[in-house]
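Get your viewer ready and keep the selection box handy. We'll go stop by stop, picking residues and looking at what sits around them.

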Amino acid sequence: RPLPVAGAATPPPFVRPGEHFAAALIWLVIGCAGLIAIAPALAAGDFLDPRVFAVTHVFTLGVVATSIFGALLQLFPVTMGIGARSLRLAHASFWAMVAGTATIVAGFWFWSGWAQAAGWLLLFLAVAGVSWNLLPQRRKATDGRLIGLFVAAGHSALGLAMALALARVADTLGWWRFDRIGSLAAHYHLGVFGFATLTAAGVGSRMLPMFMLSHGYPEWPLRRLLYVAAAGHLLFAVGMPFHVPWLSVPGTVLLAAAGGLYLYQVSAYFRARARKKLDAGLAHVAAALVFLALTIPAGLALTLAPRTSHPRLWAAYAVLGVLGWLVLLVIGIYYKILPFLTWLHRFGAKMGEPDVPTVADLTKPAWVWTSLVLLTAGVAVLVSGVALGSVAAARAGAIVFTAGAGFVVAQHLRIYTAHR
């Protein structure tokens, strides 16, 4: 069904969110190539390898964050009835995001503190542009105000994660000493489970029920989730870098509780759905949620007993959160929204003419199901290989995941280049 429009605002031209989605797919290809290269380091538990940092940020900033910023441009008008304040600024923020991500990745790969600092500065400009463009608009929203609160909370977590990253860069440059492991743990959780997951929870509260035709589900878990997650992230972000267990331990428990609330809320969408058979796109989302369900207890155990945890387990945990949860979720949402948006862009004005394809004509379902099998199998083998210290298994998992990503990119190229 067409996306319901909440108010008078109209979605932006396809090129504005489209450039974000295209860049994210390019970053996905680059990240997969890097994933194969760093598989031995992951299997050795060397998560402090600069190349591991580089590839991690290809996925978190290049794929996930870029996709989120593009999706917000498209979805704010249709879910909240308000649009961006300036599409020109949205375009400038996009290029700042691309340049910042590329500079940060290069700074990590070649271990240049100055390049990392320059990259984070560009990223700060990109995030500032997005925040100014969208966040104040939520006060004018005609619908979906809770979505705006989740997006604002996610951006607050991203800002705190960037502050920790800049503190680490200053440590690299020799300006001061700042705990490395604690700040990395806080940075990772703020980015993955703060910014990305809170945004996904807010926006998904409208999208997922719409995709599945869900009705009559409870909403109380979503409302409590926001406050539990905010308190957990704040306690964890302060307690971990400064070694204050009476802050970090309750923060860890609250984050796990927030994860449980989110899973319960999403399971309610699935239980209340009228469309019982899941299509391939929603199957990707369901697989991502399974990986999230595995990530939460793993993170709880590792964080509460860090001295008994092998570095390989931390590396496997990071792979679960980034690839298994976030990247797979983004790919599933792409399969749900990009065919429709691309069809509107290319053929909407020609509706009714002969030989105009339908939305379904643009996709090959077999490719989508194949990507699901390869991506989930790749994550499972990669995580197992890293946890067990097997270089062969870790590399095999990375290769299988890359093959799945290849089907994803091929599918979206086919969608965009389809002829009449």
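Which residues in α2 meet which residues in α10? Before you click, bear in mind that this is a predicted model. Now select Phe-59, Thr-60, Val-64, Ser-67 and Gln-74 on the α2 side. Their partners in α10 are Val-322, Leu-323, Leu-326, Val-327, Val-330, Tyr-334 and Leu-341. Colour that set by class and you get nine nonpolar residues, three polar ones and no charged ones.

Now switch to cartoon view. Two packed helices are described by the angle between their axes and the distance between the axes. Here α10 covers residues 311–347, and it packs against α2 at an angle of about 35° with the axes 11 Å apart. The crossing of α2 over α10 is left-handed.

**Next stop: α2 and α4**

Stay on α2, which runs over residues 50–80, and add α4, residues 113–134. The two axes come within 11 Å and cross at roughly 20°. Because the cut-off for roughly parallel is under 35 degrees, α2 counts as roughly parallel to α4. This crossing is left-handed too: that is how α2 passes α4.

For the side chains, show His-57, Leu-61, Phe-69, Leu-72 and Phe-76 from α2. Opposite them, in α4, are Trp-120, Leu-123, Val-127, Val-130 and Leu-134. How many of the residues in this contact are nonpolar, polar and charged? The split is nine nonpolar, one polar and no charged.

**Next stop: Ala-23**

Jump to Ala-23, which is in helix α1. Is Ala-23 buried or exposed? Its relative accessibility is 11%, so Ala-23 counts as buried. Leaving out residues up to four places away in sequence, Ala-23 touches Thr-66, Phe-94 and Val-98. Then draw a distance from the C-alpha of Ala-23 to the C-alpha of Ser-67: you should get 8.5 Å, although the two are 44 residues apart along the chain. You've already selected Ser-67, as one of the α2 residues that meet α10.

**Next stop: the salt bridges**

Side chains of opposite charge can pair when their charged atoms come close. Searching the whole structure turns up four salt bridges, and we'll visit some of them.

While you're on α1 (residues 15–43), select Arg-16 and Glu-19. Their side chains form a salt bridge, 3.3 Å from N to O. The two residues are three apart in the same helix, about one turn, and both are buried.

Now go to Asp-49 and Arg-51, another salt-bridge pair, at 3.6 Å from N to O. The two partners fall into separate burial classes. Asp-49, at 14% relative accessibility, counts as buried, while Arg-51 has a relative accessible area of 28% and is partly exposed.

For a pair that reaches across the sequence, select Lys-336 and Asp-279, whose closest N and O atoms are 2.5 Å apart in a salt bridge. Lys-336 lies in α10 and Asp-279 in the loop between α8 (245–271) and α9 (280–304), so the pair ties together parts 57 residues apart in sequence. Asp-279 is partly exposed, with 27% relative accessible area.

**Next stop: two backbone oddities**

Most residues other than glycine have a negative phi. Which phi does Trp-111 have? Select Trp-111 and check: its phi is positive, about 50°, although Trp-111 is not a glycine. You'll find Trp-111 in the loop between α3 (87–109) and α4. At 34% relative accessibility, Trp-111 counts as partly exposed.

Then pick Leu-213, another residue that isn't a glycine but has a positive phi, of about 55°. Leu-213 sits in the loop between α6 (180–212) and α7 (220–239).

**Last stop: α7 and α8**

From Leu-213, carry on into α7 and bring up α8 with it. Their axes are 7 Å apart and the packing angle is about 155°. Angles over 145 degrees count as roughly antiparallel, so α7 is roughly antiparallel to α8. The crossing of α7 and α8 is left-handed. Finish by colouring this contact by class: its residues divide into 20 nonpolar, seven polar and one charged.

Notes: Residues numbered from 1 in each chain as written. Predicted model: local features only at pLDDT ≥ 70, side-chain atom pairs only at ≥ 80, totals over all residues. Heavy atoms only, no water. Axes fitted to C-alpha atoms, helices over the stretch in contact; angles between N-to-C directions. Helix = DSSP H or I, 4+ residues; strand = E, 2+ residues; numbered from the N terminus. Parallel < 35°, antiparallel > 145°, perpendicular 65-115°, else oblique. Left-handed = near helix turned anticlockwise from the far one by under 90°. Contact = heavy atoms within 4.5 Å. Nonpolar A, V, L, I, M, F, W, Y, C, P; charged D, E, K, R; others polar. Buried < 20%, exposed > 50% of the residue type's maximum accessible area, 1.4 Å probe, protein only.
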